[in-house]
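Open the model in your viewer and keep the selection tool at hand. The stops below say what to select next and what is there.

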Amino acid sequence: MEQVSANRSHGGIQGVYTHPSAQTGTPMTFSVFVPPHPPGVKLPVLWYLSGLTCSHANVTEKGEYRAACAEAGIIFVAPDTSPRGDEVPDDEGYDFGKGAGFYVDATQEPWAKNFRMRSYIEQELPALIGAEFPADMARQGITGHSMGGHGALTIALRDPARFRSVSAFAPIVSPLNCPWGDKALTGYIGPDRAAWREYDACALIADGARLPDLLVDQGAADGFLEEQLKTPLLVEACEKAGLPATIRMREGYDHSYYFISTFMAEHVAWHAQRLTERLKA
């Protein structure tokens, strides 16, 4: 791991790092904010997965999470959204290829070699974070935006024992039922829609996956809401399964980081409460 940059912020350190990934076969860049803390103390970790066209930089520069994380004593980790590099295959569309990994392990060519974001987020990067930072890996939460909200929900639903808290901003809740998901999962996973279910939050819930609770904020003025995000499907799935979920429609808010940054501190505090409760228990 190499440090790209480090800046003092809210008493802690905002760093950007790169490392060679065995999963993607490429260098991968990520950011980590470590709040001020006593020597030897390990801190809970909040993962943030970014959306289409984004990298670690979008939330790092515009997410406004550092003050809340410093107050709560939480490490904030922001990975990239896909492998990068001249040798990595790409697509002309913004919603597939570089910047659009969809947090899956691709099985189709030419994507299968590099597009292994599921294993990268679930296995490789957590091992690195646990080894290199003062992270208590028994206390992890996860959140994300849009495509990253899809990633946060599906990763947590597949492994609820790992995450003590789960939230999302404007998530793609059902790739089985939206154009973004249809393009991405066909391209990465193939035409067998049954194989897509492990990458669809609503399908996972219908198939029996559960979380202790869930927080979702969605902008009511989001131009992607009706065709791509499909928030009502998540409301329906949670109600049918009896899964406790707070799903809030935010009037006047769109899909941008103006929306995300407005409610970021609430999400950090929500995660902090649950991480602390689990620790006391």
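This is a predicted model. Begin at its largest pocket, which 14 residues line. Select C202, A203, A206, L233 and A237, the lining residues that lie nearest the centre of the pocket. Two elements give two or more residues each to this lining: α6, residues 201–206, and α8, residues 231–241. Colour α8 to see the element that gives the most, with five residues. The space in the pocket comes to about 240 Å³. By type, the lining residues divide into eight nonpolar, four charged and two polar.

**The sheet**

Next, show the strands. Nine of them form an open sheet with mixed pairing. Walk across the sheet in the order β1-β2-β3-β5-β4-β6-β7-β8-β9. The walk begins and ends at the edge strands, β1 and β9, each of which pairs on one side only. From one strand to the next, the twist averages 20 degrees.

Stop at β3, residues 27–34, and its partner β5. How many bridges join β3 to β5? Four bridges do, and the two strands run antiparallel. To see a facing pair, select F33 together with F76; F76 is in β5 and stands opposite F33.

**Backbone stops**

Most residues other than glycine have a negative phi, and most peptide bonds are trans. The next three selections go against one or the other of these habits.

Select H10, in the loop between β1 (2–9) and β2 (12–20). H10 is not a glycine, and its phi has a positive value near 50 degrees. H10 is partly exposed, at a relative accessible area of 48%.

Move on to the loop between β5 and α3, where F102 lies. Phi of F102 is also positive, near 60 degrees, in a residue other than glycine. Is F102 buried or exposed? F102 is buried, with a relative accessible area of 0%.

Stay in the loop between β5 (75–79) and α3 (117–132) and find P110. Select E109 along with P110: a cis peptide bond joins the two, with omega at about 5 degrees.

**Salt bridges**

Now show the charged side chains. The structure holds 15 salt bridges, and three of them make good stops.

Select D95 and K183 for the first stop. In this salt bridge, the closest N and O atoms are 2.8 Å apart. D95 lies in the loop between β5 and α3, while K183 belongs to helix α5 (residues 179–189), so the pair ties together parts that are 88 residues apart in sequence. D95 is buried, with a relative accessible area of 11%. K183 is partly exposed, at 34%.

For the next stop, select R118 and E198. Their side chains meet in a salt bridge, at 2.8 Å from N to O. Which parts does this pair tie together? R118 is in helix α3 and E198 is in the loop between α5 and α6, so the parts joined here are 80 residues apart in sequence. With 18% relative accessibility, R118 counts as buried. E198, at 33%, counts as partly exposed.

The last pair is R248 and E266, whose salt bridge has its closest N and O atoms 3.2 Å apart. This pair links distant parts of the chain, 18 residues apart: R248 is in strand β9 (residues 245–250) and E266 is in helix α9 (residues 257–280). R248 is partly exposed, with a relative accessible area of 23%. E266 is partly exposed as well, at 38%.

To finish, select R118, E122, R158 and E198 together. Salt bridges that share partners join these four residues into one network. The R118 and E198 pair from the earlier stop, with its N to O distance of 2.8 Å, belongs to this group.

How values were computed:
Residues numbered from 1 in each chain as written. Predicted model: local features only at pLDDT ≥ 70, side-chain atom pairs only at ≥ 80, totals over all residues. Heavy atoms only, no water. 1 Å grid on protein atoms, 1.4 Å probe; cavity = no way out; pocket = protein on both sides within 12 Å on 5 of 7 lines; lining within 4 Å. Points joined across faces, edges and corners; volume = space filled by probe spheres on them. Nonpolar A, V, L, I, M, F, W, Y, C, P; charged D, E, K, R; others polar. Buried < 20%, exposed > 50% of the residue type's maximum accessible area, 1.4 Å probe, protein only. Pairing = 2+ DSSP bridges. Axes fitted to C-alpha atoms, helices over the stretch in contact; angles between N-to-C directions.
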